[in-house]
Number of protein chains: 2
Amino acid sequence: MDTAPLKPMRADAVKNRAKILEAARIELELHGTECSLDMIAKRAGVGPGTLYRHFPTREDLLGELLHTWVTGVQADADAATGEHWDDVLDWLVRLADQAMTYRGLAGTMAATESDESSPLRSAHAAVLDANDQVFTRASLAGVIGSSFDTAEICRLVTGVAMIAEQADLSAAQLRSMLAIILNGLTQESPHR
Amino acid sequence: MDTAPLKPMRADAVKNRAKILEAARIELELHGTECSLDMIAKRAGVGPGTLYRHFPTREDLLGELLHTWVTGVQADADAATGEHWDDVLDWLVRLADQAMTYRGLAGTMAATESDESSPLRSAHAAVLDANDQVFTRASLAGVIGSSFDTAEICRLVTGVAMIAEQADLSAAQLRSMLAIILNGLTQESPHR
DNA sequence: ACCTGAACACCGTTCAAGT
DNA sequence: ACCTGAACACCGTTCAAGT
């Protein structure tokens with residue numbers, strides 16, 4: 001179930017699709033998720049109609065590019081033992097950094113979070129899965145209690161990524177905010 | 001220092017300015033901070049040039065509208081005794097709600113946070129001041145330690161407001177996230 | 001001094017015409 | 001089956017012409 005099973009694409013279509021994806025990657029890096037689709041088409045050397053044929057929506061294009069992105073997120077999760085508090089914090093920092101790979105990415109992911117039919121669905125699932133792995137290990141290590149809401153944690157990290165991006169925060173400021181959140185997650189609330 | 005001291009405006013200009021502000025308020029409520037300026041001008045019954053004459057940038061317009069908004073934020077802060085943990089949490093919830101008054105407001109404020117010459121400067125100052133008042137009271141009441149970073153707290157609340165808005169979260173989900181943050185702020189971190 | 005609205009640039013999206 | 005590019009709608013922004 002890697003690529004679509006039937007209907008092999010025409011040779012020129014295969015080539016155009018690849019050119020579009022490479023052009024899109026560059027434009028996304030330069031101008032973020034709200035970059036001009038016209039520019040992508042121009043950079044790829046195709047007409048705007050061709051771009052729309054391959055990727056009917058902006059999100060379809062982004063979703064395709066996130067396939068390799070997901071690999072990086074999973075690798076980051078694998079690198080986190082979760083044995084110590086700081087290991088978990090490091091993971092949260094890396095996750096936030098990943099969410100800032102392209103300007104606007106965190107916001108786009110937040111906006112599509114609960115859309116079951118979004119092209120970003122698999123990316124969301126991968127992030128939730130990765131975070132769950134790390135926190136499950138942290139829970140076994142006694143760093144955090146046994147009840148944690150992975151979706152909520154990911155939302156908090158996404159929120160921090162969004163402000164860090166908008167307000168152009170330093171790495172230290174980003175880390176400090178995530179430390180507060182992790183602290184809030186690992187301490188039992190004595191209230192109510 | 002209420003209004004500009006010199007050069008009284010022509011009668012038609014005064015009237016147009018008021019019409020633009022009222023139209024902008026409606027459009028902002030309907031379509032958020034990224035609403036069409038053309039629509040504002042149309043709704044106000046003026047040409048696009050007139051809008052630009054009164055408000056050279058979108059932010060100038062927003063900054064003007066936030067003058068009354070600031071009053072509400074200050075009232076919310078005044079209503080918070082800070083004597084109990086839940087009082088402080090209630091304040092954070094109200095602040096986040098204020099940041100969601102218009103769609104996109106939290107994001108715009110985050111983006112202009114460190115811009116000294118932004119038309120939103122006074123709005124930022126008011127928010128920082130309001131939050132500082134509440135947390136100072138909370139500190140005196142022993143709810144929180146004596147060292148807290150007001151700017152960082154406001155950033156965290158803004159971040160939560162941004163995801164809540166993008167992901168269309170419920171009031172309960174919003175409150176839960178803010179509770180985690182407040183918990184992280186009120187507990188001493190035992191780590192490094 | 002202020003207003004109008006035409007004009008321009010840019011962009012997303014569609015679709016008839018091609019191969 | 002796929003591509004092209006003209007065409008349309010929409011929007012931000014400017015400015016010459018008006019009063």
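Which side-chain N or O atom is 3.1 Å from a phosphate oxygen of DNA strand C? I looked this up before anything else, and I keep in mind throughout that the model is predicted. The atom belongs to the side chain of B:Arg53.

**Entry 1: DNA strand C**

I listed other phosphate contacts of this strand. An N or O atom in the side chain of B:His54 is 3.3 Å from a phosphate oxygen of DNA strand C. From chain A, a polar side-chain atom of A:Ser36 lies 3.2 Å from a phosphate oxygen of that strand. I then asked which elements give two or more residues to the surface near DNA strand C. Chain A contributes α2 (37–44) and α3 (48–54), and chain B contributes α1 (11–31) and α3 (48–54). The largest share comes from α3(B), which gives five residues.

Next I took the whole set of residues around the strand. There are 22 residues around DNA strand C, and the nearest are A:Leu37, A:Tyr52, A:Arg58, B:Arg10 and B:Asn16. On the DNA side, sugar and phosphate make up 72% of the strand C atoms that come within 4 Å of the protein. By class I noted nine nonpolar, eight polar and five charged residues on the surface near DNA strand C.

**Entry 2: DNA strand D**

I repeated the lookup for the other strand. Here 22 residues again surround the strand, and A:Arg10, A:Asn16, B:Leu37, B:Tyr52 and B:Arg58 come nearest. Which atom of DNA strand D lies 2.4 Å from a polar side-chain atom of A:Arg10? I found a base nitrogen. Two contacts from chain B go to phosphate instead. A polar side-chain atom of B:Tyr52 lies 2.5 Å from a phosphate oxygen of DNA strand D, and one of B:Arg58 lies 2.8 Å from a phosphate oxygen of the strand.

I recorded the atoms of DNA strand D within 4 Å of the protein: 72% are sugar or phosphate and the rest belong to bases. The elements that each supply at least two residues of the surface near DNA strand D are α1 (11–31) and α3 of chain A, with α2 (37–44) and α3 of chain B. I noted that α3(A) gives the most, with five residues. The classes for strand D come to nine nonpolar, eight polar and five charged residues.

**Entry 3: A:Leu51**

I picked a residue in helix α3 of chain A, namely A:Leu51. Is A:Leu51 buried or exposed? The relative accessibility of A:Leu51 is 3%, so A:Leu51 counts as buried, the cut-off being under 20%. Leaving out residues up to four places away in sequence, I found that A:Leu51 touches A:Ile20, A:Leu37, A:Ile40, A:Ala41 and A:Val46. One of these, A:Leu37, is also among the residues that come nearest to DNA strand C. I also took a distance to A:Leu30, which is 21 residues from A:Leu51 in sequence and 19 Å away in space, C-alpha to C-alpha.

**Entry 4: A:Ser118**

I went to the loop between α6 (105–112) and α7 (121–140) of chain A, where A:Ser118 sits. The relative accessible area of A:Ser118 is 5%, so this loop residue is buried. With residues up to four places away in sequence not counted, A:Ser118 touches A:Glu59 and A:Thr112.

**Entry 5: chain A as a whole**

I wrote down the secondary structure of chain A as nine helices and zero strands. Along its principal axes, the C-alpha trace of chain A spans about 60 × 40 × 30 Å. Chain A has 192 residues, and buried residues make up 48% of them. I looked at contacts in chain A between residues at least 6 apart in sequence, and 66% of these join residues at least 24 apart. The exposed area of chain A is about 9700 Å², with carbon and sulfur atoms supplying 53% of it.

**Entry 6: cysteines**

How many disulfides are there over all chains? I counted zero, with sulfur atoms within 2.5 Å as the cut-off. I checked the accessibility of two cysteines as well. A:Cys154 is buried because its relative accessibility is 7%. B:Cys154 is also buried, with a relative accessible area of 7%.

Methods: Residues are numbered from 1 along each chain as its sequence is written. Chains are lettered from A and ligands numbered from 1 in the order in which they are written. This is a predicted model: local features need pLDDT of at least 70, side-chain atom pairs count only at pLDDT 80 or more; totals for chains, interfaces and linings use all residues. Side-chain values use heavy atoms; hydrogens and water are left out. A residue is near a molecule or strand if one of its heavy atoms lies within 4 Å of it. A polar contact is a pair of N or O atoms within 3.5 Å; within protein, one must be able to donate a hydrogen and the other to accept it, and residues adjacent in sequence count only if both atoms are side-chain atoms. Helices (H or I, at least four residues) and strands (E, at least two) are DSSP runs, numbered from the N terminus. Ala, Val, Leu, Ile, Met, Phe, Trp, Tyr, Cys and Pro count as nonpolar, Asp, Glu, Lys and Arg as charged, and the others, Gly among them, as polar. Buried means under 20% relative accessible area, exposed over 50%, partly exposed in between (1.4 Å probe, protein chains only). Contact means heavy atoms within 4.5 Å. Accessible areas come from the Shrake-Rupley method with a 1.4 Å probe; for residues, only the protein chains shown count as cover.
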